[in-house]
Amino acid sequence: MNLAAALAASCLVVLVAQLPAIQAVQACNGKCVPLGKCNRPVTMTNEDNAPPEVDLRIGQENSNIVSVCPHYLDVCCAPGQEIITGTGEGNPVRQDSNAGYDDFQPCGQRNTNGVGFRIGAGKMQESEFGEFPWTLLVLELQSLYDFEEKEVYACVASLVAPNVALTVAHCVSKNTPTTYIVRAGEWDIRTENEVLPNQDSKVKQVLIHDRYNNHHHFDVALLVLEKPFRPADNVQIICLPPPGLRPPVGTECITGGWGKDRFGDDGTYQEILKRVILPIVDSVQCEKALQKTRLGLNFKLHNSFLCAGGKKDADVCSGDGGAALACLMPGSQTNYYQAGAVAWGIGCGNENIPGAYADIEVTRSWIVSKLNALKVDPTYYTAS
């Protein structure tokens, strides 16, 4: 494990596997602080500024993995190396939420290796921190009995302009705009110790597709934000598809949110933004597959949907609605566009049963017309 060496000699991580008693762990000779708040020296293991690795099992319930610090995003920081204010000269991890950017980078740039650190041990379907900087968390304000308001997870969205989010209509069509809050840069909902902060903005206007109906056809909506998000490594924009571009059948695209790990009451919402890779499925084959479910032989797949998935135990699920289905631009290995938005499915992760996604190419003209009316610069969402 590379973590201990990367954190300096004062830090020691001990792995304990099924022992009758937990072994003693060396005390931290400095102070346990969030990963991005310590100006760690370059060592032989990170001389190329390789990001440190973290073990997601540290600090988790029923885990035998122990460390000098209580949380997997904490490090033992030697005296004098803790960053009190500013970014700290020489610190390879950016601390400022503006991340050194005056404006957003070209749309669709995925941080494949994460930002500031990488997940080492304990990784399942989790994405790296900042890997999908266009992914947004949508929260709904609900009033409690004592008239206090509570933020409740609603769905997922994607950033298509600094002040506009794209999501599915069925998530945001039932309440007033001011009941929704959009969060950018979120990753682990349990902590605020990530190396870059998240950003919140209230919604001032919800624009529902003109042809959206009770069958959830044209299931897209735009959330106009009260204040624009600031550009950062973990907050960037996804490209809309160029006119006429749809991913070919078999193309593997990426999606994910904080939704359940399985269908039904036994499913658990995810704490860390997950990553799911799914193939695009032919619409005719998708319709035939869905006819074999409880939808029946008379089911017809509307042309405002595209399909992806059908892989056993690999799928989005309840709560992932609105998440971008992001595919590589033709001829590019780094630039992504949003082909779809998670809409609905029959169960989760059932073999040969694809999920349905709102087709962004089909609804693109409506989206662009609304963005133009909002005076959004097209360069934000147009692939370069």
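**Exercise 1. Is cysteine 32 buried, partly exposed or exposed, and what is its relative accessible area?**

Solution. The model is predicted: local features need pLDDT of at least 70, side-chain atom pairs count only at pLDDT 80 or more, and totals for chains, interfaces and linings use all residues. Residues are numbered from 1 along each chain as its sequence is written, and side-chain values use heavy atoms, with hydrogens and water left out.

Step 1. Fix the classes: buried means under 20% relative accessible area, exposed means over 50%, and partly exposed lies in between (1.4 Å probe, protein chains only).

Step 2. Cysteine 32 has a relative accessible area of 28%, so cysteine 32 is partly exposed.

Step 3. Turn to cysteine 69, the residue that a disulfide joins to cysteine 32. Cysteine 69 has a relative accessible area of 3% and is buried.

**Exercise 2. Describe the disulfide of cysteine 32 and cysteine 69, and state which parts of the chain the pair ties together.**

Solution. Step 1. A disulfide is a pair of cysteine sulfur atoms within 2.5 Å. For cysteine 32 and cysteine 69 the S to S distance is 2.2 Å.

Step 2. The angle about the S-S bond is -90 degrees, and the link of cysteine 32 and cysteine 69 is left-handed.

Step 3. Helices (H or I, at least four residues) and strands (E, at least two) are DSSP runs, numbered from the N terminus. Cysteine 32 lies in strand 2 (residues 31–34), and cysteine 69 in the loop between strand 4 (65–67) and strand 5 (74–77), so the pair ties together parts that are 37 residues apart in sequence.

**Exercise 3. Work through the disulfides of cysteine 107 with cysteine 239 and of cysteine 253 with cysteine 327.**

Solution. Step 1. The whole structure holds 7 disulfides. Among them, cysteine 107 and cysteine 239 have sulfur atoms 2.0 Å apart.

Step 2. The torsion about the S-S bond of cysteine 107 and cysteine 239 is about 100 degrees, so this disulfide is right-handed. The pair links distant parts of the chain, 132 residues apart: cysteine 107 is in the loop between strand 5 and strand 6 (118–119), and cysteine 239 in the loop between strand 12 (221–225) and strand 13 (252–255). Both cysteine 107 and cysteine 239 are buried.

Step 3. The sulfur atoms of cysteine 253 and cysteine 327 are 2.0 Å apart. With 110 degrees about the S-S bond, the link of cysteine 253 and cysteine 327 is right-handed. Cysteine 253 is in strand 13 and cysteine 327 in strand 16 (residues 324–328), 74 residues apart. Both cysteine 253 and cysteine 327 are buried.

**Exercise 4. Find the salt-bridge partners of glutamate 128, arginine 275 and aspartate 188, and give the burial of each glutamate or aspartate.**

Solution. Step 1. A salt bridge is a side-chain nitrogen of Lys or Arg within 4 Å of a carboxyl oxygen of Asp or Glu. A search of the whole structure finds 12 salt bridges.

Step 2. Glutamate 128 pairs with arginine 118, the closest N and O atoms being 3.8 Å apart. Glutamate 128 is in the loop between strand 6 and strand 7 (135–143) and arginine 118 in strand 6, 10 residues apart. Glutamate 128 is buried at 2% relative accessible area, whereas arginine 118 is partly exposed at 32%.

Step 3. Arginine 275 pairs with glutamate 131, with the closest N and O atoms 2.8 Å apart. Arginine 275 is in the loop between strand 13 and strand 14, and glutamate 131 in the loop between strand 6 and strand 7, 144 residues apart. Glutamate 131 is buried, with a relative accessible area of 0%.

Step 4. Aspartate 188 pairs with arginine 190 (2.8 Å, N to O). Aspartate 188 is buried at 0% relative accessibility, and arginine 190 is partly exposed at 36%. Elsewhere, salt bridges that share partners join Glu151, Arg183, Glu186 and Asp200 into one network.

**Exercise 5. Which residues of helix 3 are buried, and what does their cover include?**

Solution. Step 1. Helix 3 spans residues 283–291, and Cys286, Glu287, Ala289, Leu290 and Gln291 are buried.

Step 2. Their cover includes strand 14 (276–281), strand 15 (305–309), strand 17 (336–344) and strand 18 (354–359).

Step 3. At the start of helix 3, a side-chain oxygen of aspartate 282 comes within 3.0 Å of the backbone nitrogen of valine 284.

Terms used: Contact = heavy atoms within 4.5 Å. Polar contact = N/O pair within 3.5 Å; in protein donor to acceptor, adjacent residues only side chain to side chain.
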